[in-house]
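Visitor: I would like a close look at one part of this protein. Please start from a single residue and work outward from there.

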Amino acid sequence: MYKYVRKALLISLALICCIYMNGCSMLNEGRRIVRIAHGQSETHPDHIGLLAFEKYVEERLGDKYDVQIFPNELLGAAVKAIELTQTGAVDFVVCSTGNLETFDDIYSIFSIPYLFDSTEAYYTAMEDPQIRDYLYKSTESSGFEAVTWLDAGTRNFYTTKPVTSPDDLKGLKLRVQQSPSNVNMVKAFGAAAAPMSFGEVYTAIQQGVIDGAENNELALTNNKHGEVAKYYIYDRHQMVPDMLIGNVKFLDSLSDEERQVFDDAAALCTEVEREEWLLQVEEAKKQAEAMGVNFSDVDVEQFKSKVIDLQNQMVSENEKLKPIYERIQEINREVG
């Protein structure tokens, strides 16, 4: 109980400081403090990528900007941090596209199951200028825009019971991110969707409230889910990036030369994070196997067939998704 009270107090204090700093940006020897929030630990690939971002900016603009990173949801959970970025109390935040979907449904594109045919197609699409230019600027009216993407791997199911086919998911209660698209996806598999915050998942599995969840391999070790869910299948239903978004007013306040530095720093952040991600996934698998987690491949086409109607429905119901979806399908064909 104490740790939750302590965390709440830390968040409240951080928010008070953040609000104060918003009205008084020039606090560090005349340098503008640039605040970046994220919900991961200091060892997570996101944080390591952001450290590269910080170093790059300060080496070139250190006389003007002091970049400060706030990990571990110190400035609040993802949705709260996005809201602070909208107002300018926070300058940048790393968040999942599932959370961004709450603010603009264009980001539901990444919730479409089996959107990408391969990891290579996923990487190619995320670096494609046609997709990037259309997507990143789409939320300007909401007060923020994306500046880069961060790899969050492939999302797969992990459960307390063995799963070898889609039929084994029927009747299971599975945690999903709090987005309508993900709820509908799990329902299409015949399971019951349980939207809840990520921090509640361990206890919910441990107490039998849910039968599992869906995420990448790092959740098994960084969040100890491998202690309570011993079956991880590679059904590969989603490849969902995290996004680094920035406050529009702050970005627009930068000179052309300064904006180029921040854009280059964002690109470096992605490069460093992606390299670190691949290393940490391999290490997470080893650690999870030592915890007793069983990793298994399944027939992906069996799983895909259960949600293909949902894929078509999501695209037909949202006109904004069609240009991105069609370009991704071109990339799927090109990459093979």
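Is Tyr114 buried or exposed?

Guide: A caution comes before the answer: this is a predicted model. Tyr114 has a relative accessible area of 6%. The cut-off for buried is under 20%, so Tyr114 is buried.

Now its place. Tyr114 lies in the loop between α4 and α5. Its backbone deserves a look too. Phi of Tyr114 is near 60°, a positive value, and the residue is not a glycine. Most residues other than glycine have a negative phi.

Lys224 offers a second case. Its phi is positive as well, at about 65°, and Lys224 is not a glycine either. Lys224 sits in the loop between α9 (218–222) and β10. The surroundings contrast: Lys224 is partly exposed, at 43% relative accessibility, whereas Tyr114 is buried.

Back to the loop of Tyr114. Ile106 is also found between α4 (97–100) and α5 (119–126). Ile106 is buried, with a relative accessible area of 2%. Beyond its neighbours within four places in sequence, Ile106 contacts Tyr134, Leu135 and Ser138. It also contacts Lys320, Leu321 and Ile324. Lys286 is another matter: its C-alpha atom is 36 Å from that of Ile106, with the two positions 180 residues apart along the chain.

Some of those partners lead into two helices. Tyr134 and Leu135 belong to α6, and Ile324 belongs to α13. Helix α6 covers residues 129–136, and helix α13 covers residues 321–335. The two pack at an angle of about 160°, and their axes are 10 Å apart. Over 145 degrees counts as roughly antiparallel, so α6 is roughly antiparallel to α13. The crossing of α6 and α13 is left-handed. On the α6 side, the contact uses Gln130, Ile131, Tyr134 and Leu135. On the α13 side, it uses Pro323, Ile324, Arg327, Ile328 and Ile331.

Helix α13 also packs against α5, the helix at the other end of the Tyr114 loop. Here the angle is about 130°, and the axes are 9 Å apart. The two helices are therefore oblique to each other. Their crossing is right-handed. From α5 come Glu120, Ala121, Thr124 and Ala125. From α13 come Ile328, Ile331, Asn332 and Val335. Ile328 and Ile331 thus appear in both packings: they meet α6, and they meet α5.

Next, the core. The largest nonpolar core has 57 residues. Met243 and Ile245 have the most contacts inside it. Not counting residues up to four places away in sequence, Ile245 touches Ile82, Thr85, Asp91, Phe92 and Val93, among others. Its list also includes Cys95, Leu100, Phe144, Glu145 and Ala146. A second, separate core has 23 residues, including Phe92, Leu251, Val261 and Phe262.

Two of the residues that Ile245 touches merit a stop. Take Val93 first. It is found in strand β4 and is buried, with a relative accessible area of 1%. Outside its four-place sequence neighbourhood, Val93 contacts Ala37, Ala81, Ile82 and Thr85. It also contacts Met243, Leu244 and Ile245. The C-alpha atoms of Val93 and Ala266 are 12 Å apart, across 173 residues of chain.

Now Asp91. It lies in the loop between α3 (78–87) and β4 (92–96). Its relative accessible area is 0%, so Asp91 is buried. The Asp91 side chain makes a polar contact with the side chain of Arg32, at 3.0 Å. Arg32 is also among the residues that Asp91 touches, as are Ile33, Val34, Arg35 and Thr85. Others are Ile245, Gly246, Asn247 and Phe250.

One more buried residue closes the tour. Tyr232 is in strand β10 (residues 231–234), and its relative accessible area is 0%. Two polar contacts involve its side chain. A polar atom there lies 2.9 Å from the backbone oxygen of Asn215. The side chain also reaches the backbone nitrogen of Glu217, at 3.4 Å. Among the other residues that Tyr232 touches are Thr154, Phe157, Leu220, Val293 and Phe295. Sequence separation says little here about distance to Val248: the two are 16 residues apart in sequence and 40 Å apart in space, C-alpha to C-alpha.

Methods
Residues numbered from 1 in each chain as written. Predicted model: local features only at pLDDT ≥ 70, side-chain atom pairs only at ≥ 80, totals over all residues. Heavy atoms only, no water. Core = buried A, V, L, I, M, F, W, Y, C linked by side-chain atoms within 4.5 Å. Buried < 20%, exposed > 50% of the residue type's maximum accessible area, 1.4 Å probe, protein only. Contact = heavy atoms within 4.5 Å. Helix = DSSP H or I, 4+ residues; strand = E, 2+ residues; numbered from the N terminus. Polar contact = N/O pair within 3.5 Å; in protein donor to acceptor, adjacent residues only side chain to side chain. Axes fitted to C-alpha atoms, helices over the stretch in contact; angles between N-to-C directions. Parallel < 35°, antiparallel > 145°, perpendicular 65-115°, else oblique. Left-handed = near helix turned anticlockwise from the far one by under 90°.
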